[in-house]
Amino acid sequence: MNNAMEPENDSRISTTIDEALQSIGSATPTSGLEGRILTRLASQRMKMESAPVRFPLLAGLNRSSRIPARALGFVTSCLLAVIVVAGSVSHSRKLHSSQIVAPPVLVLPSHGIGAASAVHPAAPASAPVPAGQGARGRSSRRSGPGRARIAPHSRKAPGVAVPAPASDNSQN
Amino acid sequence: MSCFEGQLAAWVAPAHQKTVSTTQTIATLVAEYSTALYRVAFSVTRNAAEAEDAVQETFLRVLRHESRLGEIRDYRVWLVRIVWNIVLDKKRRAKTRPEGEDLADHARALPSGDRPADASVISSQEHARILALIDRLPNREREALLLSAVEELTTVEIAAALGTTESSIRSRIFRARRELALLLEKEGIPR
């Protein structure tokens, strides 16, 4: 029963959709639409013709030969670039052939303002400082042969173990 | 006629003839396609005045680009595309006015038949409800379905206007109708 109702329901829905779509698809404009459009077009054309053209030459070119404005701009910019490059190259060639440019000579002032920063003479070699009377080499204590010796009268700090003074016999 | 006048006439005459020919072409286009364009516009706007405005705007654009008229292969598709873009633009800009509320427009849109006035109004209300459901469909499906409603347009032309293939349009219309039927079942259609 329910299955039998489904096709009927489907066709009814389909018919309803068709009717709704037909209502918008077959809408008729109010009479005189064409006339109103043509009138508006005519007034618009008059406005367009009476409006001043800002760039008449370009507009004429565009209209007559159908050259797009972008292409025209591109060609113009290319021409300008070629002219600039050619001018620069010819100028540099002329300079090169007419004169050989020598390297600039730097004149350094010997005195006055800026002399100190301009001239940097080499610092004089420092003379050796004469050694004082008590001067000795750092390793002079150990310069003698054998072990270091501790004087018998030397004092030791309390608590510090001091090796016994070496005797000549023990050494031998 | 002096030599100068002769040269001037030679310059001006082609331009004048060209203007006359484009004017004639546009007038022919208006006579041939204005009703179809009105229906396309009305399918989106559902308002007579807005649809007419859209059609006028379409032909104003044609006038602005009259130099390109010679390059157009299919005028109908070209014009449908223009009016379609215009009405979609308008719809995007003015979301204030809900569609399908103007019953007078729907009543005017209905073909005059032998139905009594109250039956027409009831039918118009029902259609308005269905059109409101159509607005809930996804964009692609809705567009294809609305354009398919316009009598003058074939599936090929709809495909060209929407920039897709004919098979895609067919499947979109099928999906749209199926979706719409489901929505109608949910809502419950009057018996």
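A residue counts as exposed here if 12 or fewer other C-beta atoms lie within 10 Å of its own, and as buried if 20 or more do. With that in hand, helix α8 of chain B is a good place to start in this predicted model. On one side of α8(B), Ser167(B), Arg178(B), Leu182(B), Glu185(B) and Lys186(B) are exposed. The buried residues of this helix are Ile169(B), Arg172(B), Ala176(B), Leu180(B) and Leu184(B). These buried residues span an arc of only 100° around the axis, so they sit on the same side of α8(B). The spacing fits a general pattern: an α-helix has 3.6 residues a turn, so residues three or four places apart point the same way.

As for its length, α8(B) runs over residues 166-187, 22 residues in all, and its first and last C-alpha atoms are 31 Å apart, close to the 32 Å expected at 1.5 Å a residue. Just past the end of α8(B) comes Gly188(B), with a positive phi of about 85°.

Next, the place where the two chains meet. Chain A puts 24 residues into the contact and chain B puts in 34. On the side of chain A that touches chain B, α1 (2-25) and α2 each supply at least two residues. The largest share of that side, eleven residues, comes from α1(A). Sorted by class, the side of chain A has eleven nonpolar, seven polar and six charged residues.

How sure is the predictor about chain A? Its mean pLDDT is 72, with 52% of the residues at 70 or more. Among the elements of chain A, helix α2 (residues 33-50) has the highest mean pLDDT, 88, while helix α6 (residues 168-171) has the lowest, 52.

Key:
Residues are numbered from 1 along each chain as its sequence is written. Chains are lettered from A and ligands numbered from 1 in the order in which they are written. This is a predicted model: local features need pLDDT of at least 70, side-chain atom pairs count only at pLDDT 80 or more; totals for chains, interfaces and linings use all residues. pLDDT is the predictor's confidence in each residue, from 0 to 100. Helices (H or I, at least four residues) and strands (E, at least two) are DSSP runs, numbered from the N terminus. Two residues are in contact if their C-beta atoms, placed from the backbone, lie within 7 Å. Ala, Val, Leu, Ile, Met, Phe, Trp, Tyr, Cys and Pro count as nonpolar, Asp, Glu, Lys and Arg as charged, and the others, Gly among them, as polar. The expected span of a helix is 1.5 Å times one less than its number of residues. The arc is that of the directions from the helix axis to the C-beta atoms.
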